[in-house]
Amino acid sequence: MAPSFGAGPRTPEVTVGPLDLAARVDEALAVQAVAFGLSAEEVGVRRHIVLRHLACPGARALGATTPDGRLVGFVYGMPNDRAHWWSTVVEPYLRHNGTDAWLDDSFVITELHVHPTHQGRGVGRELITRITDSATEPRSILSAIDTESPARALYRALGYLDLAGQVHFPSAARPYAVMGAHLPLRRP
């Protein structure tokens, strides 16, 4: 068992390890719904997207579970492919900033979510560092809501830099930032 992480209030111990995301997709999306404020309709749409992503070469996931087996966080990602929808949306923004080369030879963090009762305790840090440590690509990219937040602060602490801001995804109400970091990620 791994101890709880970070300097926040004590939380039950959490174990981070491989996750069969296809088998536990509904549990993972329940965590995402609470952490990210998704409606039931949005969860239904994302379920199909997650399952489609898992069929991509190199896709993998990690989960954070409590001793009783409850999933309280997850991350998944894959080697980036310029033909994937996400890349086609962010590429013009990155090209405008001269940073579109980040789309090549990068491991993309597709989703990273931690249940609010376990946030601020190092679970997200453990998830993202563990999944990128296993990447063969020399760098990682991700997108996050383009506002100052604990998530953005974590990404910056790990070495992620803003590559493009005010990125508009067709179905998202708020703009995103695309961030990139050389691997391995920075440690405290």
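A salt bridge is taken here as a side-chain nitrogen of Lys or Arg within 4 Å of a carboxyl oxygen of Asp or Glu. In this predicted model, E148 and R156 satisfy that criterion, their closest N and O atoms being 2.7 Å apart.

## Salt bridges

Side chains of opposite charge can pair when their charged atoms come close. The structure holds 12 salt bridges. The contact between E148 and R156 belongs to a wider arrangement, for salt bridges that share partners join D146, E148, R152, R156 and D162 into one network. Within that network E148 is exposed, with a relative accessible area of 60%, whereas R156 is partly exposed at 29%.

Another salt bridge brings together the side chains of R82 and D104, with an N to O distance of 2.8 Å. This pair links distant parts of the chain, 22 residues apart: R82 belongs to the loop between β3 (71-79) and α3 (85-97), and D104 to the loop between α3 and β4 (106-114). R82 has a relative accessible area of 32% and is therefore partly exposed; D104 is likewise partly exposed, at 36%.

D133 and R187 also form a salt bridge, with 2.4 Å between the closest N and O atoms. Because D133 lies in helix α4 (residues 123-133) and R187 in the segment after β7 (176-182), the pair ties together parts that are 54 residues apart in sequence. D133 counts as partly exposed at 42% relative accessibility, and R187 is partly exposed with a relative accessible area of 42%.

The three salt bridges described above are set out below.

| Salt bridge | N to O distance |
|---|---|
| R82 and D104 | 2.8 Å |
| D133 and R187 | 2.4 Å |
| E148 and R156 | 2.7 Å |

## Aromatic contacts

A pair of aromatic rings is described by the distance of the centres and the angle of the planes. A search of the whole structure finds 3 aromatic pairs. One of them joins Y155 and Y160, whose ring centres are 5.9 Å apart and whose planes stand at 65 degrees, so the pair is edge-to-face. Y155 and Y160 are both buried.

F169 and Y176 form an edge-to-face pair because their planes stand at 85 degrees, with the ring centres 5.2 Å apart. Both residues, F169 and Y176, are buried. Together with W85 they make up one aromatic cluster.

An aromatic ring also takes part in a contact with a charged group: the charged end of R139 sits over the ring of W102, 5.0 Å from the ring centre.

## Backbone features

Most residues other than glycine have a negative phi, and most peptide bonds are trans. Against that background, the peptide bond from L183 to P184 is cis, with omega near 0 degrees. P184 is found in the segment after β7, and R187 of the salt bridge with D133 is also placed in the segment after β7.

D105 has a positive phi of about 55 degrees although it is not a glycine. This residue lies in the loop between α3 and β4, the loop that also holds D104. At 51% relative accessibility, D105 counts as exposed.

Q166, which is not a glycine either, has a positive phi of about 55 degrees. Its place is in strand β6 (residues 161-167). With 43% relative accessibility, Q166 counts as partly exposed.

Terms used. Residues numbered from 1 in each chain as written. Predicted model: local features only at pLDDT ≥ 70, side-chain atom pairs only at ≥ 80, totals over all residues. Heavy atoms only, no water. Helix = DSSP H or I, 4+ residues; strand = E, 2+ residues; numbered from the N terminus. Buried < 20%, exposed > 50% of the residue type's maximum accessible area, 1.4 Å probe, protein only. Phe/Tyr/Trp six-rings, centres within 6.5 Å; stacked < 30°, edge-to-face > 60°. Lys NZ or Arg CZ within 6 Å of the ring centre and 35° of its normal.
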